[in-house]
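Hi there,

I'm passing along the structure we talked about, with a few notes on what turned up in it. Have a look at it first, then read on.

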Amino acid sequence: MLLFSANISMMFAERDWLERPAAAAAAGFGAVEVQFPYDRPADHWKRAINDAGLAVSVINIPVGDMLEGGPGLAATPGREAEFRRAVEEAYDTAAVLKPRNVNVLSGYPESHGHDRAICLMTLAKNLHVAADMMSDINVGVVVEAVNTVDRPGFFLSTSEQTLEAIDKAAHPNLSLEHDLYHMDIMEEQLIKRLGEIMPRIGHIQFADNPGRHEPGTGAIDFQSVFATIDRLGYNGWVAAEYEPSKMTEETLGWMAA
């Protein structure tokens, strides 16, 4: 049986941040993920999530200037010390929230003039540092590919590229965060690809394509995709990370089905 998590950075946005875990629990989710939970004390998050009886599936490691159009930290040469400080910040938060995984976003270093081979080497070394540090608190590190239609120039844009970086990092505490929305755009054959790489996947996210809304608003056959994930024996969280097309509670028919 699949275990569903809700990304409350995108969903239940009709409510204040610390009210969203209770709303997710009431809707039937077993966990939440928060993309960047660093602007509130971790113990406030912990109280709201624990009171709702939920687990935490994923938080992101801070990304520096990436969200403002900069190259980010994880794959940018010369920013290794900044990345380590970001991992330390995530470590402190993860020690409180106890997520199953923390996620690394590789950013846009090539768009800012850096050589791809050097960026890949930088990313691999940084991933090893993050994986080693997080293993001390039994938290996994996942790495995500992001489509280059919505995010032109993103460094890792396919599962193959992401697995290459993970292999170069060579740490047992690393796995793939497989976002079905991004990979439907970049790789298309979702079910075939899931069968090929399932043992390497540590976390799954989803939204329909096109539109990045809830299942049923686009062209992805989620009944078949979810059945495949279940058949392949995946035991992690399957996280709804979509932009609701209406009030979040009105978009959950896919979960009842």
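Let me begin with the largest pocket: sorted by class, its lining holds 9 nonpolar, 6 polar and 7 charged residues. Please keep in mind that this is a predicted model. The volume of this largest pocket comes to about 390 Å³. Its lining is made up of 22 residues, and those nearest the centre are Gln 35, Leu 67, Leu 105, Arg 151 and Arg 212.

The second largest pocket encloses about 180 Å³. Which elements give two or more residues to its lining? They are strand 6 (174-179) and strand 7 (201-206). The residues lining this second largest pocket include Leu 174 and Ser 175, the run Met 198, Pro 199, Arg 200, Ile 201 and Gly 202, and also Gly 233, Tyr 234 and Asn 235. Arg 100 and Asn 101 belong to the lining too. By class, the lining of the second largest pocket splits into 5 nonpolar, 5 polar and 2 charged residues.

Helix 2 is another part you may enjoy looking at. This helix spans residues 42-51, and its buried residues are Ala 42, Trp 45, Ala 48 and Ile 49. Why do they sit on the same side of helix 2? Because they cover an arc of only 130 degrees around the axis. The general background is that an α-helix has 3.6 residues a turn, so residues three or four places apart point the same way. As for partners, the buried residues of helix 2 pack against two helices, helix 1 (20-26) and helix 3 (80-97), and against two strands, strand 2 (31-34) and strand 3 (55-60). After helix 2 comes Gly 53, which has a positive phi, near 75 degrees.

Finally, the chain as a whole. It has 9 helices and 8 strands. The radius of gyration of the chain is 17 Å, close to the 18 Å that the globule rule gives for 257 residues, so the chain is as compact as a globular protein of that length. Along the principal axes, the C-alpha atoms fill a box of roughly 45 × 40 × 35 Å. Of the 257 residues, 54% count as buried. Among contacts in the chain with a separation of 6 or more, 76% come from residues 24 or more positions apart.

Happy browsing, and do write back with any questions.

Best wishes

Terms used:
Residues are numbered from 1 along each chain as its sequence is written. This is a predicted model: local features need pLDDT of at least 70, side-chain atom pairs count only at pLDDT 80 or more; totals for chains, interfaces and linings use all residues. Side-chain values use heavy atoms; hydrogens and water are left out. Buried means under 20% relative accessible area, exposed over 50%, partly exposed in between (1.4 Å probe, protein chains only). Helices (H or I, at least four residues) and strands (E, at least two) are DSSP runs, numbered from the N terminus. The arc is that of the directions from the helix axis to the C-beta atoms. Contact means heavy atoms within 4.5 Å. On a 1 Å grid over the protein atoms alone, a cavity is a set of points where a 1.4 Å probe fits but cannot get out, and a pocket is an open set with protein on both sides within 12 Å along at least five of seven lines; lining residues have an atom within 4 Å of a point. Grid points are joined across faces, edges and corners, and a volume is the space filled by probe spheres set on the points. Ala, Val, Leu, Ile, Met, Phe, Trp, Tyr, Cys and Pro count as nonpolar, Asp, Glu, Lys and Arg as charged, and the others, Gly among them, as polar. The radius of gyration is taken over C-alpha atoms; the globule rule is 2.2 Å times the number of residues to the power 0.38.
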